[in-house]
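Hello,

Here is the structure I promised to pass on. Please open it first, then read my notes below.

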Amino acid sequence: MIELDKVQKWYGQYHALDCVSGRVANGEVVVVCGPSGSGKSTMIRTINRLEPIQGGTIRIGGKDIYAQCEDVNALRAGIGFVFQQFNLFPHLSVRENIMLSPMKVAGMSRAQASDMAQGLLAKVGLAHKIDAMPANLSGGQQQRVAIARALAQRPPVILFDEPTSALDPEMVGEVLAVMKQLAQDGMTMMVVTHEMGFAREVADRIWFMDEGRIVEQSTPGQFFSQPEHPRARRFLADILRPGVAACA
């Protein structure tokens, strides 16, 4: 479904992504973790061209997404993306936030889009909030609406960029529960997160990044019990120490 091949990304003199390569299979859940500044969010943002690359290739479904002929808007409409800060339109109701892209991009009728919004909100447990405004929702509810909105284009893959990091601790669980259900439904997902419990329970594979490189790719069982790379061992020793909160 997703293939990164020797991807390079620079910010001026700063080498943010250094020859990054990896593959995500259809229906697979890949969790990307690592220390702050390791390139996790930069990498996931290159997969729907929110960030340009300076070398290498990224393919989705076998198609080079950086090819000159590629329509960026159509590409982004076909990839679900859930941001850290929700990014809901504050002047639109929950229903209208979800209906917007199917109507504007996919040409869906208003009635069809409204029916879809109702179904997706039921899926994330928020059918009763369909006519609420974003400002009247908790952070966890806003993020669940953002997930429903990402699903509205029926994307083959959803990218999550630290979807719980802006939430109060008591709201994290409700968002992770929706993500777990998506994984059980077979959705292809890439998740940048510091939630190691989610990584251990839901991921098919874990990519560990450091200094702009993927330095370890392994199953959760392997990663949490016998990580191979010294930086991964140090990372886990730090975040799994008793009394120390997990953070990436």
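**Salt bridges**

R45 and E51 join through their side chains in a salt bridge, at 3.8 Å from N to O. Bear in mind that the model is predicted. R45 is partly exposed, at 25% relative accessibility. E51 is buried, at 16%. The pair does not stand by itself: K9, R45 and E51 are linked in a network of salt bridges.

In total, the structure holds eleven salt bridges. Two others deserve a look.

Start with R23 and E3. Their side chains meet in a salt bridge, with 2.9 Å from N to O. R23 belongs to strand 2 and E3 to strand 1, so the pair ties together parts that are 20 residues apart in sequence. R23 is exposed, with a relative accessible area of 51%. E3 is partly exposed, at 22%.

Then go to R205 and E28. The closest N and O atoms of this salt bridge are 2.7 Å apart. R205 sits in strand 9, while E28 sits in the loop between strand 2 and strand 3 (29-33), so this pair ties together parts that are 177 residues apart in sequence. E28 counts as buried, with 12% relative accessibility.

**The open sheet**

Next, the strands. Four of them form an open sheet in the order 2-1-4-5, and the pairing is antiparallel. Which strands stand at the edges? They are strand 2 (14-24) and strand 5 (63-64). Each has a single partner strand, so one side of each is left without a neighbour in the sheet.

Look at the strand 5 end. Strand 4 (residues 55-60) and strand 5 run antiparallel and are joined by two bridges. I60 stands opposite K63 in strand 5.

**Nonpolar cores**

Now turn to the interior. In soluble globular proteins, nonpolar side chains tend to be buried together. Here the largest nonpolar core has 54 residues. Which residues have the most contacts inside it? They are I98, L121, I147, F160, M179 and M189. Helix 6 gives the largest share of this core, eight residues.

M179 is a handy place to start. Leaving aside residues up to four places away in sequence, M179 touches I147, F160, P163, M189, V191 and F198. Apart from this core lies another, of 25 residues. I53, I65, M190 and W207 are among its members.

**A buried aspartate**

D210 is worth a stop. D210 is found in strand 9 (residues 205-210). Is D210 buried or exposed? With 12% relative accessibility, D210 counts as buried. What does D210 touch, not counting residues up to four places away in sequence? The contacts are P35, S38, V215 and R231.

**Two positive phi values**

Some backbone angles caught my eye. Most residues other than glycine have a negative phi. Two residues here go the other way.

One is K6. Its phi is near 55 degrees, a positive value in a residue other than glycine. K6 lies in strand 1 (residues 2-11). K6 is exposed, with a relative accessible area of 51%.

The other is E162. Phi of E162 is near 50 degrees, again positive in a residue other than glycine. E162 is placed in the loop between strand 7 (157-161) and helix 6 (169-184). E162 counts as buried, at 18% relative accessibility.

**Cysteines**

Last, the sulfur atoms. A disulfide is a covalent bond between the sulfur atoms of two cysteines. How many disulfides does a search of the whole structure find? The search finds zero. Two cysteines are still worth locating in the view. C19 is partly exposed, with a relative accessible area of 40%. C33 is buried, at 0% relative accessibility.

**Where to look**

For a quick tour, try these stops:

- The network of salt bridges that links K9, R45 and E51.
- The salt bridge between R205 and E28.
- M179, with its contacts to I147 and F160, among others.
- D210 in strand 9, which touches R231 and other residues.
- K6 in strand 1, with its phi near 55 degrees.

Best wishes

Conventions. Residues are numbered from 1 along each chain as its sequence is written. This is a predicted model: local features need pLDDT of at least 70, side-chain atom pairs count only at pLDDT 80 or more; totals for chains, interfaces and linings use all residues. Side-chain values use heavy atoms; hydrogens and water are left out. Two strands pair if DSSP finds at least two bridges between them. Helices (H or I, at least four residues) and strands (E, at least two) are DSSP runs, numbered from the N terminus. A disulfide is a pair of cysteine sulfur atoms within 2.5 Å. Buried means under 20% relative accessible area, exposed over 50%, partly exposed in between (1.4 Å probe, protein chains only). Contact means heavy atoms within 4.5 Å. A nonpolar core is a set of buried Ala, Val, Leu, Ile, Met, Phe, Trp, Tyr and Cys residues joined through side-chain atoms within 4.5 Å. A salt bridge is a side-chain nitrogen of Lys or Arg within 4 Å of a carboxyl oxygen of Asp or Glu.
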